[in-house]
Each structure stands twice: as structure tokens, then as C-alpha cells.
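This report describes selected features of one protein–ligand model for a reader at the bench. Please keep the sequence and the structure in view while reading.

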Amino acid sequence: MNFELTEEQKIIQDMAAKFAKRELEPVAAELDQTKNRDILKKNLKKLAELGFMGLSVDPDYGGTGAGAVVFSLVMTELGRACASTTVTTSVTNMVAEVIQAVGTEELKQKYIPPLCSGEYAAGSFGLTETCAGSDPAAMRTSAVADGNDYLLNGHKIFISSAEYAGVFVVWAVTDKDAAKGRGISAFLVEPVFPGFKVGKDEKKLGQHGSCTNELIFEDCRVPRENILGKLNDGFRIAVAELAGGRIGVGSMALGIGLAAMDFATNYAKERIQFDAPIARQQAIQWMLADNYTRLEAARLLLLRAAFKKDQQQPFSREASMAKLFATEAANKACYDAMQILGGYGYTQDFPIERFYRDVRVTSIYEGTSEIQRLIIARDLLK
Ligand SMILES: Cc1cc2nc3c(=O)[nH]c(=O)nc-3n(C[C@H](O)[C@H](O)[C@H](O)COP(=O)(O)OP(=O)(O)OC[C@H]3O[C@@H](n4cnc5c(N)ncnc54)[C@H](O)[C@@H]3O)c2cc1C
């Protein structure tokens, strides 16, 4: 075994860490409070220039080809500074990757380079519906062939980045008589396609800098050649892509948890109560020790899942274990960091309250913790 990163991995990790500190951290609180999308778009453009929008994408399509381990390292470093920017970057990487994995050569040439170069601010992943959250195969959005096109009808909800995405992967039922999950196809939809509308932006607890919208399809005309992958194979494509996305969300959560703990550690060394820094109290020391131990375990789980992905080995169970553990460890780290700061942690004078809000959704989206347990158990019992 070798726990050392390669020179290339270390260089990119360092580049991400410096970028996050220099460019993302100074604007993260303002982005959270003002929801000014121009700040987000500027961040995304710079990230694209660094090559962070196609980390696992082949250089032939404008990607970096650095792989899943680097993707995990980068999401962690960015996550330390700004969750809204990081989740948008993670999803955009997922969109570029799924097109690369199953798209035709024409679709790859057309849609991947603008995602990687920043010409599109982001990519968007449209799976969830009101009736289809943890159970996406229950979706009702339909796609019916009409000449050279498909006509999409229905609604999606909770779709990240919809207001500024240049391309959407949208799942719809193409064979309503097929067994559950067997009659769904994936389509690439551009925001200018007739019959497509982006609906309201949800008012959320955290990650205020990124938008989360409804998508509305009313006889939305999508060219037949924009079917992504094989007809009626969309559910399998979504499941496969979500496994990779879980490495992104887990890695981002790890970054948030580490940022919270690093802040709390420094604070504990300086905050005097009972004539001594609170860091001298064993109660505080144990919180630091337990949280850093959990976060380190999370890092190893994430890197193992990413390593297996890079080796083209099955990694779905490992990705679910990593996401489950990392997001729950990060939630606990943010909870304890606030405890260490006491009342100050609850105010907007310090970044802990933002971390605390931003981290919460990581154990909900891209599959809740319960769904990760279900995936892990199914794999163990098969
Ligand atoms: C900020 C945000 C951004 C998002 N971005 C996107 C996006 O870009 N694209 C996209 O497609 N979706 C997105 N989502 C949707 C997200 O993936 C879903 O919210 C999530 O999968 C859970 O679905 P749900 O909200 O319908 O909860 P439900 O499925 O209704 O679950 C409710 C509760 O029941 C539990 N539960 C459900 N089924 C089971 C079961 N079989 N066993 C045990 N427990 C179960 C769940 O774990 C949860 O605790 C986003 C959501 C949010 C909040």
C-alpha cells in the first residue's frame, strides 16, 4: 500500500487550496448573504480557466484528464472555502463526465468543450420530481417521439444551477409500459429549446450562493440526436453517474468539516474562560480529537472510492460508504465547531454558522444517508 499522492496530484491539490484561499474565501460570506450570482459566475469562470470543470474528462474534449482522486482532492479544498461554488463545480463535472461516458461523438464535441472552458457557466442534472426523490424511477416527466424530435412534458424540482446552466441532462419516461426504471431515457436539453422554462428558485437553509430551481417542460422540443446513451437506458445511466457524484459531495462535505474544525481549533487556543484558553479543557480537546479522527477516516474512504473509480473497478458501494460517512462526519464537525465557539458561533461574525447551514444538505442530496445505507446493504446482501 502507498498512502502518498503522486506529484501531479499534490500539485493540483495545492493549486486548488491556494485558489480557494485567495479567490473563494474572501467572497464566500458576501455570496451567501447577497446571493449575487455574478460573484458565483466569476468564481466558476476562474475555476474553468484552471481546468477544474472537466477533471475526469479527456483533454480531447477540453478536460484535464486528471481523474477521480484529483477530483476528490479539489472538491475538498474548494469546499473549505465556498460550498455554493463547490457544488456547482461538482455537478458541472458530473454533467461533462456523463456526456463523455455515454454520449455520441457529436454530442461530446458539441457540449463538453463549453462546459470545460467556462463558456457555459455550469451544467445541470435534472432527475428529481415531486413524486420522485429517493425513488427517481417513479418519475412522471414524459418524452414522446414526434418526427425528428421528442416532446417533453412535466416538472422537475430542486435542480441545482438551472438559472445559469448551458446544458441540462434531463430524464424522462420514454416507455410508460416498461417495468419500473426500464423505460426512462436521458436527454440533453439547452435552455433555449422551445417549451422549456426554469421556475422558482427555492428559499433554502444554506448554500445560498447557488440556485435550486423547478424545471418546466411544456411540449419541449428536443432533437432525437440529443438522447444521451441508449433509448430506455436512462435510469442505469443516472445510477452510474450518481455514484461518481457522491465522491464529489462527500469530498466537499469533508472540506466544510475541516474548515469548521480548523477555525474552532484556533478559536479554542485563544478564547479565555476561567483564566485559561478553553483548549486546555479536556471536553474541548475530545471534541477536536474525535472530529479530526472521523474526518481523516472520511478522507480515506473518499480516496479509496476515487482510486477504485480511476482503476475502472466497481466503486458504487465504496462511494456510498464514503458519502454516508463523510457527510455525517462533516455535519457533526460543524455542530461541534459551533459548540466550541459558543454564542459567537451562532452569529454571522464568524463563518461557522454558514458552514453549519451549508453542510446540512450534503447528507440529503445525491441520495440521502438512508438511501446510501440501502445501496450498501443491497450490495452486501446480493
Ligand atoms: C439544495 C438541493 C439541491 C439539489 N440538487 C439536485 C439536482 O441538481 N438534481 C436533482 O435531480 N436533484 C437535486 N436535489 C434533490 C435531492 O437529490 C433529493 O432531495 C433527495 O434525493 C431526496 O429526495 P426527497 O427530497 O424527495 O426526499 P424523500 O425521497 O421524500 O425522502 C424523505 C425521507 O424518507 C427517507 N426515505 C425515502 N425512501 C426511503 C427508503 N426506501 N428507506 C429508508 N428511508 C427512505 C429519506 O432518506 C428521507 O429521510 C437537490 C436537493 C436539494 C435540497
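The sections below cover the ligand site, the aromatic pairs, and several individual residues.

## Basis of the report

The structure is a predicted model. Residue numbers count from 1 along the chain as its sequence is written.

## The ligand and its surroundings

Which residues are closest to the ligand? The shell around the ligand holds 18 residues, and the closest of them are Phe125, Thr128, Ser134, Thr368 and Glu370. The space that the ligand takes up is the largest pocket. Two elements give two or more residues to the shell, namely strand 3 (149-160) and helix 10 (369-381).

Three of the closest residues place polar side-chain atoms beside polar atoms of the ligand. For Thr128, a polar side-chain atom lies 2.6 Å from a nitrogen atom of the ligand. For Thr368, the partner is an oxygen atom of the ligand, at 2.7 Å from a polar side-chain atom. Glu370 has an N or O atom in its side chain that is 2.6 Å from an oxygen atom of the ligand. The ligand taken alone exposes 970 Å², of which the protein buries 63%.

## Aromatic pairs

How many aromatic pairs does a search of the whole structure find? The search finds seven. One of them joins Tyr344 and Phe350, with ring centres 6.3 Å apart and an angle of 90° between the planes. This pair is edge-to-face, because planes over 60 degrees apart fall into that class.

Tyr344 and Phe350 also belong to one aromatic cluster together with Phe263 and Tyr267. Tyr344 has a relative accessibility of 41% and therefore counts as partly exposed. Phe350 has a relative accessible area of 23%, so Phe350 is partly exposed as well.

## Strand 3

Strand 3, one of the elements that contribute to the ligand shell, contains Asn153. Is Asn153 buried or partly exposed? Its relative accessibility is 28%, so Asn153 counts as partly exposed. Asn153 and Asp219 are 66 residues apart along the chain, yet their C-alpha atoms are separated by 5.5 Å.

Phe158 is found in strand 3 too. The backbone of Phe158 has a positive phi of about 60°, although the residue is not a glycine.

## Helix 6 and the loop before it

Helix 6 spans residues 234-270 and includes Gly245. With a relative accessibility of 0%, Gly245 counts as buried. The C-alpha atoms of Gly245 and Lys323 are 9.4 Å apart in space, while the two residues are 78 residues apart in sequence.

Ala268 has its place in helix 6 as well. The relative accessible area of Ala268 is 0%, so this residue is buried. Ala268 and Ile278 are separated by 10 residues in sequence and by 5.3 Å in space, C-alpha to C-alpha. The loop between strand 8 (227-228) and helix 6 holds Asn232. Phi of Asn232 is positive, near 70°, in a residue other than glycine. At 25% relative accessibility, Asn232 counts as partly exposed.

## Gln100 and Gly54

Gln100 lies in helix 4, which covers residues 83-102. Is Gln100 buried or exposed? Gln100 counts as buried at 18% relative accessibility, because the class takes in values under 20%. The side chain of Gln100 reaches the backbone nitrogen of Asp58 at 2.8 Å.

Gly54 is placed in the loop between helix 2 (37-49) and helix 3 (68-79). Its relative accessible area is 2%, so Gly54 is buried. Gly54 and Asp38 are 16 residues apart along the chain, and their C-alpha atoms are separated by 22 Å.

## Summary

In this predicted model, the ligand takes the space of the largest pocket, and the protein buries 63% of the area that the ligand exposes when taken alone. Thr128 has a polar side-chain atom 2.6 Å from a ligand nitrogen atom, whereas Thr368 and Glu370 have theirs beside ligand oxygen atoms. Elsewhere, Phe263, Tyr267, Tyr344 and Phe350 form one aromatic cluster. Gly245, Ala268, Gln100 and Gly54 are buried.

Definitions and conventions: This is a predicted model: local features need pLDDT of at least 70, side-chain atom pairs count only at pLDDT 80 or more; totals for chains, interfaces and linings use all residues. Side-chain values use heavy atoms; hydrogens and water are left out. Rings of Phe, Tyr and Trp (its six-membered ring) pair if their centres lie within 6.5 Å; planes under 30 degrees apart count as stacked, over 60 as edge-to-face and the rest as tilted. Buried means under 20% relative accessible area, exposed over 50%, partly exposed in between (1.4 Å probe, protein chains only). A residue is near a molecule or strand if one of its heavy atoms lies within 4 Å of it. A polar contact is a pair of N or O atoms within 3.5 Å; within protein, one must be able to donate a hydrogen and the other to accept it, and residues adjacent in sequence count only if both atoms are side-chain atoms. Accessible areas come from the Shrake-Rupley method with a 1.4 Å probe; for residues, only the protein chains shown count as cover. On a 1 Å grid over the protein atoms alone, a cavity is a set of points where a 1.4 Å probe fits but cannot get out, and a pocket is an open set with protein on both sides within 12 Å along at least five of seven lines; lining residues have an atom within 4 Å of a point. A molecule sits in a cavity or pocket if more than half of its atoms lie within 2 Å of its grid points. Helices (H or I, at least four residues) and strands (E, at least two) are DSSP runs, numbered from the N terminus.
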